[in-house]
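Open the model in your viewer and keep the sequence panel beside it. Each stop below gives a selection and then says what is found there.

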Amino acid sequence: MMAGMTGEETRTAMSPPIRSSAQDAELQPPATRAWMTRVVIIGIVLTALNLRPAITSLGALLEEVRDGLGMSGSFAGLLTSVPPLCFAVFGVMAPRLARRFGPAAVVCAGMVAIAAGLVIRPFAGNTAGFLVASALALMGIAVSNVLMPVIVKRWFPDRVGSMTGLYSMALALGTAAAAAVTVPMTRALGGSWHAGLAVWAGLAAVAVLPWIPLVRARGTALSRDAVSAPASAHGVSSASGTGQEPSPLRITRSRTAWALAVFFGLQATAAYITMGWMAQIFRDAGVPAGTAGLLLAVTMVMGVPLAFVIPRLATRLPHQGPIVVALGVCGLVGYAGLYLAPAGGAWAWALLLGIANCAFPLALTMVGMRARTGAGVAQLSAFAQSTGYLISIPGPLLVGVLYQHSGGWGLPIALMAGLMIPQIVVGILAGRDRTVEDEAARRR
């Protein structure tokens, strides 16, 4: 019998393999596998819906929060820089936490942190308390940001584009919904900005629910080895029989990893400036507060259909550079419109900037495409997002300072447009058809 076994079967028989999450799922009965798949999809969608309302709901009520807490324009700029700072600091911890506790447990804890932070921050009573509670919510967002591409790559290895599109579409929907309904919902709740911000904690609490059975279930596709065992094209471990975890990549030796990190950082800079300040730009141009919130919502909602289309298109192209250029041109035209006629062409500029903001789902898709293995995706996701968010920290703060000292939006808008040029350049470099594993190996 032993003589008839292949070399792979012999190695498997001699030493217990490290099962990948996909292999764990295959050991489950069909009904169990189908149930787990549905729960994972629900969890991904609900998580994505909660990854931006903490930010865009604040952007819609920034003037009221500033007045209520006595913030200066410069300090409000600091407040809009807190999200990328938290994403950089806490996002880098996500792979390590996932290896120890499992991705499902970390994302579940992240949703709990978001709910708690959103409940606490409006009633903290002072600026320091508001910042600390915001940081708690943003910590939950940070770890979930990093782990979503990992979960998609591991559980849906043959559908990275479509599942990233679904996740990005839900993220854009949550972003837009918070921007659109926060102001009218605040009015319906008696005009208190405290209640208008706190109500979003309910959505985060709902997102905790699908992760609970996945945390408790043994041998699920979101088990601890989901971020340590490499995945083949079919999600099966290529390290079977070795009994060892693969060596971590020296990710900093990959030029593609650096290009993707800078691209991620520059698109995040544009996104957080938009989420934090665009409604205020329109309000200062004479647009009513409710309409300004709707314009921000239009910008965010453009990501709903495009976030589904762009990742699917990106996975079909050998080079994603043309998509990068098209999005960048839309951004440049949108900024030019904001500078020349912010109120007169408001709806057109909102649409164009919404298209430009779809660099985010493109960046997420490239994270999944630029690494071959689950471990590689985890490292690349953590590196690109943490480094990128560090790069994006000064942007919103600088916009607040320029606005405060210049008394207008000319210089801030010029800054936004200027940053779009290097974003296009590094996006083209990140879109080349290569993997970080190959680049890291060549530079050893």
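The tour starts with the whole chain, goes on to three helix pairs, and ends at single residues.

**Whole chain**

Colour everything by confidence, since this is a predicted model. The mean pLDDT of the protein is 78, and 81% of its residues reach 70 or more. Switch to a cartoon: the protein has 23 helices and 0 strands. Of its 444 residues, 58% are buried. Among contacts with a separation of 6 or more, 84% join residues 24 or more positions apart.

**Where confidence is low and high**

Select helix α1, residues 7-14, where confidence is lowest, at a mean of 36. Then select helix α17, residues 321-340, where confidence is highest, at 94. Widen the first selection to residues 1-27: the pLDDT is below 50 over this stretch, yet the model gives it 45 contacts beyond near neighbours in sequence. Next take residues 218-245, where pLDDT also stays under 50. The model has 91 contacts for residues 218-245 beyond four places in sequence. Where pLDDT is low, the predicted coordinates should not be read in detail.

**α17 with α18**

Stay on α17 and add α18, residues 346-356. Two packed helices are described by the angle between their axes and the distance between the axes. Here the axes come within 8 Å and cross at roughly 150°. Does that make the pair roughly parallel or roughly antiparallel? Angles over 145 degrees count as roughly antiparallel, so α17 is roughly antiparallel to α18. The crossing of α17 past α18 is left-handed.

Show side chains for the contact. From α17 pick L327, C330, G331, V333, G334, Y335, G337 and L338; from α18 pick W349, L352, L353, I355 and A356. By class, this contact has 10 nonpolar, 3 polar and no charged residues.

**α14 with α22**

Now select helix α14, residues 255-284, together with helix α22, residues 410-430. Their axes are 8 Å apart and the packing angle is about 150°, so α14 and α22 are roughly antiparallel to each other. As α14 passes α22, the crossing is left-handed.

On the α14 side the contact is made by T256, A259, L260, V262, F263, L266, Q267, T269, I273 and I281. On the α22 side, show M416, L419, P422, Q423, V426, G427, L429 and A430. How many charged residues does the contact of α14 with α22 have? It has none: the residues divide into 13 nonpolar and 5 polar.

**α4 with α14**

Keep α14 and replace α22 with helix α4, residues 53-60. The axes of α4 and α14 come within 8 Å and cross at roughly 20°. Angles under 35 degrees count as roughly parallel, and α4 and α14 are therefore roughly parallel to each other. α4 passes α14 in a right-handed crossing.

From α4, display I55, T56, G59 and A60; they meet Y272, M275, G276, A279 and R283 of α14. This contact has 5 nonpolar, 3 polar and 1 charged residues.

**N357**

Centre on N357, in the loop between α18 and α19, the latter covering residues 359-369. Is N357 buried or exposed? Its relative accessible area is 16%. Buried means under 20%, so N357 is buried.

Show what surrounds it. Leaving out residues up to four places away in sequence, N357 touches A270, A271, T274, T299 and M300. Draw a distance between the C-alpha atoms of N357 and A270: they are separated by 7.4 Å, although 87 residues apart along the chain.

**G125 and A135**

Move to G125, in the loop between α8, residues 103-120, and α9. G125 counts as exposed, at 67% relative accessibility. The C-alpha atoms of G125 and L69 are 7.9 Å apart, with their positions 56 residues apart along the chain.

The last stop is A135, in helix α9, residues 127-155. A135 is partly exposed, with a relative accessible area of 21%. Show C86 and F90, which A135 contacts when neighbours within four places in sequence are left aside. Finally, add R121: A135 and R121 lie 9.4 Å apart, C-alpha to C-alpha, and 14 residues apart in sequence.

Conventions:
Residues are numbered from 1 along each chain as its sequence is written. This is a predicted model: local features need pLDDT of at least 70, side-chain atom pairs count only at pLDDT 80 or more; totals for chains, interfaces and linings use all residues. Side-chain values use heavy atoms; hydrogens and water are left out. Helices (H or I, at least four residues) and strands (E, at least two) are DSSP runs, numbered from the N terminus. Buried means under 20% relative accessible area, exposed over 50%, partly exposed in between (1.4 Å probe, protein chains only). Contact means heavy atoms within 4.5 Å. Axes are lines fitted to C-alpha atoms, for helices over the stretch in contact, and angles run from 0 to 180 degrees between N-to-C directions. Angles under 35 degrees count as roughly parallel, over 145 as roughly antiparallel, 65 to 115 as roughly perpendicular and the rest as oblique. A crossing is left-handed if the near helix is turned anticlockwise from the far one by less than a right angle, and right-handed if clockwise. Ala, Val, Leu, Ile, Met, Phe, Trp, Tyr, Cys and Pro count as nonpolar, Asp, Glu, Lys and Arg as charged, and the others, Gly among them, as polar. pLDDT is the predictor's confidence in each residue, from 0 to 100.
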